[in-house]
Amino acid sequence: MKNSVIKTLLSLLLVFGANGCQSELEELYQDPDGFSKTQADKAGVSIIAGYFTSQLTRGFLLRGDYGSAYHQLRSGSRIMGTGVQLYYTTNAYGFAYTLYDVENDWGSNSFNRTVFNNINSPWIKQVLWGQKEYNKIPEDQRTQSDELYMRLLHVLKAYGYQRAIDLYDEVPYFQTGSAGALDGEKAEYLGQEEIYPIIIEELKEIEEYLANLTLDDATQTSFQQQDVIFSGDITQWRKYINSLRLRWAMNISEVMPTITSTVIAELSGKPMFDQSTDVAGLADIAIVEPYRLQVELGITRAFRERADEARAPKRFLHDVMHCIPEEKSTVVNGETLYYFDSDNAEEGLANGTVDPRVAYLFSKDILGRYIGAETDFDDGSDPNSYFSRAMRGYYINHPIMTDLAVTEITFGAAGNEHTIKLNDEATADLTKREAFLLDAFRTFCGQYQDIGWVIGTDRNMISEYNVRPQFNFDIRYPTLHAVETELSLAEAAVRGLGSVSGSARDHYKRAIELSCKYWYQMNTANAYSKQTTPSFPSNMDQSRIDRDRPDVEYNESAYAEYEAQRFDGLTDEEKVRSIFNQLQLHYNMFNFETPYTNARRLISYLGDNPGAPYEVFQWKERFLYNPSIQATDPENWARISQHDDYNLPIWFTGRQTKWKNVLE
């Protein structure tokens, strides 16, 4: 894959100044405050180009990082229901069905402030330093390279601001052309209402500049080396910029629909992300030493440590992907009880009625079923709840239910067996066994005794996320992907906001095809194993690693057409909800912010939250500021502190009232 050579390119840039300047070049990429144009000239590298490459590699901007991904999984899942933490959705650990506050569950609140802190330093200082150097160059001496890199730095700055304002609304903002604090200028706090029109227009101008740009050979060669995201491909940058503008136009569609429609009209005939390989992101392996990735850095460490929410959501498998359990019933002690025996995956994957991503993104349980878990709370009082039906499938047809001499049940793959023994009462009385076994199996799975809190075992009692895409160190962190672009165009068409080309149906179908293709490739192209460096964790089962690779690539077009036919019969609101479901499914645990933004803005249009928050957690409308601002900038703190409330909807939602969960 392309990302496998990025690290080599960065290494080449460093050795470019091997004559005594390697340390200075390392500072260029890791600490631009300490590097000067004189040193850059001596090394033969444009300092503005250097700042550009440095900006591309910032942590959590266009690539993941361990800490942020960890908290997105741990607490983000509780807000959006992307993965299921069974101890907050069942009574297995004795947690009460009461309202919990996710706000203080982000690792001492540090994650709350991550994006805000980043937009004030790591995500902005390369832009400001580049701007300072650019401003010092007389206009008639600015090279094509200087202009190109400075323009693209402003694209990255705008993207950073979009992420910040979507979470906090008002943030310190520097206008284009300003070197900001480096020239003694104080940033002005602006919010979404002011910043969105600025960055939407700014990127329009940059895209028009790129559309008319022809690079000379020297600049093109340099650009291919410096551009670790798109390898110097101007068309890819244009596609990225236009897709960003579409994202931003849709983000403000509740409050500025005229701008939304104008942008969509302007995008007609322009290139946008439209291929499964169109993704704006950087793989950790590109810039982090391989031996450090799994044990210290990178998003895969977060995935390994958050096996808690690797349980597959029923909402994805059952409700969105049409992988339906086969339900059967039996009478026990005069009561009709239901259980899940198998599912329709094998037949549905073959005939195009089950989403191929079931096999690419998720892993079967040890009974060979794709059955997930709900984010609604299950206190065990309903013997036929979804979770109970899944657990009952393990024992209901076993001799332990009918033979008094059988007092224990063993289940699971060879070498990974689990055993549950009856208590004295159930041993002596067949009529007591159903209640005992149901509770025992619910507790065993709900307390993670099946997997021992380890992702990738061959002992999971319900379906989990597939380990192969998760532990693909070469995956590019998908901050923006072609699937999102297609889904945005579909929503715009449904809501009458404008059309670029094709119908809502066309874009919806295309998004599913692209997503299927993307996740199949991420799974099957994974070249890592338990022997490589970095490697799959040693406590993963090899059988699971092998099993999680799909045997075939299923016909994504057949399924996409099947789903498009269902889409045809929906109301507009139902179509928009389906579009959101596809977005969240595609980004899943790799991108929390984009589905979170879409869920908040769609509450007004849909009249409800399209996400699947856990019933027991408060919904939060925004993230909180760093409280240190009160001491360092009391003037602006007086302005923004009134917005420092996670119950207050952000401007772009078009709402004044918080959406409330069932217990709020």
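**Cysteines**

I looked up C445 and found C445 buried, at a relative accessible area of 0%; buried stands for under 20% relative accessible area, exposed for over 50%, and partly exposed for what lies in between, with a 1.4 Å probe and protein chains only. The model is a predicted one, in which local features need pLDDT of at least 70, side-chain atom pairs count only at pLDDT 80 or more, and totals for chains, interfaces and linings use all residues. Residues are numbered from 1 along each chain as its sequence is written, and side-chain values use heavy atoms, with hydrogens and water left out.

I searched for disulfides, taken as pairs of cysteine sulfur atoms within 2.5 Å, and the structure holds 0 of them. C445 is in no disulfide, and the nearest cysteine sulfur, in C323, is 17 Å away. Why does C516 not bond to C323? The two sulfurs are 13 Å apart, which is too far for a bond, although C323 provides the closest cysteine sulfur to C516. I noted C516 as buried, with a relative accessible area of 1%.

**Helix 23**

I next checked helix 23, residues 504-524; helices are DSSP runs of H or I with at least four residues, strands are runs of E with at least two, and both are numbered from the N terminus. The expected span of a helix is 1.5 Å times one less than its number of residues. For the 21 residues of helix 23 this gives 30 Å, and the end C-alpha atoms are 30 Å apart, in agreement. I recorded 15 of the 21 residues as buried, so helix 23 is largely enclosed by the rest of the structure.

**Helices 26 and 27**

Helix 26 covers residues 572-587, 16 in number, and I read 23 Å from its first C-alpha to its last, close to the expected 22 Å. Helix 26 is mostly covered, with 12 of its 16 residues buried. Among the buried residues are F580, L583, Q584 and Y587. N588 follows helix 26 and has a positive phi, near 35°.

I then turned to P595, which lies in helix 27 (residues 593-606) and is buried at a relative accessible area of 3%. Which residues does P595 contact, leaving aside its neighbours within four places in sequence? With contact meaning heavy atoms within 4.5 Å, I listed M80, F580, L583, Q584 and Y587. From P595 to T532 I noted 33 Å between C-alpha atoms, across 63 residues of sequence.

T597 is also placed in helix 27, and counts as buried at 5% relative accessibility. Setting aside neighbours within four places in sequence, I found T597 in contact with D166, N251 and F652.

**Aromatic rings**

I paired rings of Phe, Tyr and Trp (its six-membered ring) if their centres lie within 6.5 Å, with planes under 30 degrees apart as stacked, over 60 as edge-to-face and the rest as tilted. By this rule I have 51 aromatic pairs. The ring centres of Y87 and Y93 are 6.3 Å apart and their planes stand at 80°, so I entered the pair as edge-to-face. Y87 and W453 form a tilted pair, 6.0 Å centre to centre with 45° between the planes. Where do these two partners lie? Y87 is in the loop between helix 5 (66-80) and helix 6 (110-119), and W453 in the loop between helix 20 (433-446) and strand 9 (464-465), so the pair ties together parts 366 residues apart in sequence.

On accessibility, I noted Y87 as buried at 9%, Y93 as partly exposed at 36%, and W453 as partly exposed at 36%. Y87, Y93 and W453 belong to one aromatic cluster that includes Y88, F95, Y100, Y448, Y614 and F617.

**Charges over rings**

I accepted a charge over a ring if NZ of Lys or CZ of Arg is within 6 Å of the ring centre and within 35 degrees of the ring normal. The charged end of R142 sits over the ring of Y134, 4.1 Å from its centre. The charged end of R301 sits over the ring of Y66, at 3.8 Å from its centre.

**Strands 4 and 5**

I took two strands as paired if DSSP finds at least two bridges between them. Strand 4 (residues 325-332) and strand 5 (residues 335-343) run antiparallel and are joined by 8 bridges. V332 stands opposite E335 of strand 5. Their hairpin has 2 residues between the strands, and I noted a positive phi near 55° at N333.
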